[in-house]
Every structure is written in structure tokens, then in C-alpha cells.
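Work through these exercises with the model open beside you. Try each task before you read its solution.

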Amino acid sequence: MIKSLLLKINLIKYYYKGKYIHRDPIYIKGRDINNDPYYIKGKEVLNDTEFIKVQELAKKEELKKPLRTEIINFLLSKNNDNYLEIGVRNPNDNFNQIIAKNKYSVDPGVEFKTNPVDFKMTSDVFFQKLTNNDILNNEIKFDVIFIDGLHLADQVDRDILNALKFIKDDGFIVLHDCSPPSEWHAREDFKYSHTPACGAWNGTTWKAFLKWRFNPDVNSCCIDSDWGVGIISKKQEIGKKIEAENTFFEFNMLDKNRKKFLNLISFESFKNLTFK
Ligand SMILES: C[S@@+](CC[C@H](N)C(=O)[O-])C[C@H]1O[C@@H](n2cnc3c(N)ncnc32)[C@H](O)[C@@H]1O
């Protein structure tokens, strides 16, 4: 009885002006002239098969564990002299939870106004100043460098190149957002949010990571969690390079060959590879 009543309430809730909307409607809070809720996504959009598929993929990704913080702290569990984070936003989300003797943060403050970081500048300027001995000491070597700044392939590629100059031989370069679940998450333009991915954005970091997967000078893999946590190391044997394929870097090719292209592995498998 109660169950059937609840079911009816639930169904009524998702009918709008006699039309079936969706069980999980997305709408901007607000009212039209009749005081009815103002929906920006109509029935057609919400019931679109691509929209539903992408939303399901995103939900699946959001449930994956561990998050980047646990992975980085694992990488720092053996050596944790120096940690560098490129792109910090709110430090409580990751930076403040990282355990290392010395921690350094870089962010020009695009997304988080107070921007409480050590170096309020872009990664390009930071690495230039570091190289010139204008900040820190250009002899410094990091155990982990977390690259999570501007998520566009050209920038990420340059961040990796610069990071390789300052990473210990047995250290790790970590990259967030290497395994976008859909092409909409991998769109170039962050601002365009009227896609099935809504506001979620991984950008084109995956392209830079894949480019480095072709390089014989580094080892690499990607942990299948938290939107793909890519890891690159000079000496740690975490994954061999692959032959260059899909050099036009098309998303559909990544999607079909995700495991091989990214060397996508679970965190458990990764732990068995490292620190033996
Ligand atoms: C995805 S957020 C970082 C999230 C954080 N690392 C975390 O794990 O919670 C990206 C940050 O990169 C910063 N950013 C944007 N362009 C940048 C650049 N060229 N160099 C460094 N950081 C940049 C933004 O200001 C933003 O705070």
C-alpha cells in the first residue's frame, strides 16, 4: 500500500505538463509566468540515447575508487622528500591531504579566487623561473610531480617535458583525467557545457599522455579510477611503450583500444608492479 503510494508520488513528480520528462530531470531553478519549474533540458534531450549512455558512463566513473590523493600518497610512501602540484584549485581537495616533507604548489588562480599557492603563475612561467634559478633551486628533484593544470594536449605535453627535467629517476609524474569516458568529456572547450557530459570536463590530456606512451624513454600506465590517473616514470617499470598508432588522436580510436593505448590497469595491479 505505502509502496504503491510512493510509486505514484514518484511518477507524478516526473510528469510535467502531461509529458514524461525523465526520472532524474536536470533543470535550472526558476519559474515561468505560470509559476511552473523552468526546465532547460526537455524530454527529447533527457531521453536521448547518447545523453543517457554518457550520463551512465559518468556515474560509473564517479563511483570508482581510489581517488588521485590515495594514489599519490601511495607513490610517496617510499620517498617523499619533494612533491610538486601543477594546478591546485581548492587545496583541500588534494594538495592539503598529500603527505610529503616538502610540498610546492603552482596555480595562476583561474578557477579558485583566493588561490593559496606557493607560486601564483602558469606552469610555463614556473618551469622557466625554476630553470633560471629564480625560484627554489634548479638542482631540485621531485619524487612526484602531479600535473593537473590546463587540460589541453599541447600544454600537458609541455608540462610533461618540463617535469621530466625535475623528476627523480625513480620518481613519478602523475596526470589527472587521462581516461575520459566519452567524447563529450574529452571536448576541447571547457566552457561549452550543453553536452551530455554537462559541466564535467577532462579536456584533451589523454592525447598528451598517449603521445608519451609511444616514447621508449619512459615507462607508463594509467590507473582505471578517478577519470584515469596516468603515471609516467623514467626508471620504475610500470609499463612498456607501445608502437605509435592513431597519430591523429581520434577519440573513437582511444575508446576502442583504451586498455592498450593507455595501459589501463587497476590500482591493485599497479601496487604489485611497484616497490618490489
Ligand atoms: C582541475 S583544477 C586542479 C585540481 C586539483 N589538482 C585537485 O586535484 O583537486 C585545475 C587548476 O589548474 C589551474 N590552471 C589553469 N591553467 C593553468 C596553467 N597554465 N598552469 C598551471 N595551472 C593552471 C586552474 O586555475 C585550476 O585551479
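A residue is buried if 20 or more other C-beta atoms lie within 10 Å of its own, exposed if 12 or fewer, and partly exposed in between, with C-beta atoms placed from the backbone. Helices (H or I, at least four residues) and strands (E, at least two) are DSSP runs, numbered from the N terminus.

The model is predicted: local features need pLDDT of at least 70, side-chain atom pairs count only at pLDDT 80 or more, and totals for chains, interfaces and linings use all residues. Residue numbers start from 1 along each chain as its sequence is written.

**Exercise 1. Describe how strand E8 is covered and which way its residues point.**

Step 1. Check burial. Five of the five residues of E8 are buried.

Step 2. Sort the directions. Val-229, Ile-231 and Ser-233 point one way from E8. Gly-230 and Ile-232 point the other way.

Step 3. Recall the rule. In a regular strand the side chains alternate between the two faces of the sheet.

**Exercise 2. Find the pairing partners of E8 and place them in the sheet.**

Step 1. Define pairing. Two strands pair if DSSP finds at least two bridges between them.

Step 2. Take strand E6 (residues 167–175). E6 and E8 pair in the antiparallel sense over three bridges. Val-174 stands opposite Ile-231 in E8, and Ile-173 stands opposite Ile-232.

Step 3. Take strand E7 (residues 219–223). E7 runs antiparallel to E8, joined by five bridges. Here Asn-219 has Ser-233 as its bridge partner.

Step 4. Look at the connection. E7 and E8 form a hairpin with five residues between them. Asp-226 in the turn has a positive phi of about 50°.

Step 5. Zoom out. The open sheet has seven strands in the order E4-E3-E5-E6-E8-E7-E9, with mixed pairing. Its edge strands are E4 and strand E9 (264–265), each pairing on one side only.

**Exercise 3. Is Ile-238 buried or exposed? Name its contacts too.**

Step 1. Locate Ile-238. It lies in the loop between strand E8 (229–233) and helix H8 (251–256).

Step 2. Count neighbours. Ile-238 is buried because 20 other C-beta atoms lie within 10 Å.

Step 3. List contacts. Two residues are in contact if their C-beta atoms, placed from the backbone, lie within 7 Å. Not counting residues up to four places away in sequence, Ile-238 touches Asn-219, Ser-220, Cys-221, Ile-231, Ser-233, Leu-273 and Thr-274.

Step 4. Compare sequence with space. Ile-238 and Leu-273 are 35 residues apart along the chain, yet their C-alpha atoms are separated by 6.2 Å.

**Exercise 4. Which residues of helix H5 are buried, and what do they pack against?**

Step 1. List them. In H5 (residues 123–131), the buried residues are Ser-123, Phe-126, Phe-127 and Leu-130.

Step 2. Test the side. They cover an arc of only 90° around the axis, so they sit on the same side of H5. The arc is that of the directions from the helix axis to the C-beta atoms.

Step 3. Recall the rule. An α-helix has 3.6 residues a turn, so residues three or four places apart point the same way.

Step 4. Find the partners. The buried residues of H5 pack against strand E3 (82–86), strand E4 (102–106) and helix H6 (153–166).

**Exercise 5. Give the totals for the protein chain.**

Step 1. Count elements. The protein chain has 10 helices and nine strands.

Step 2. State the burial. Of the 276 residues, 37% are buried.
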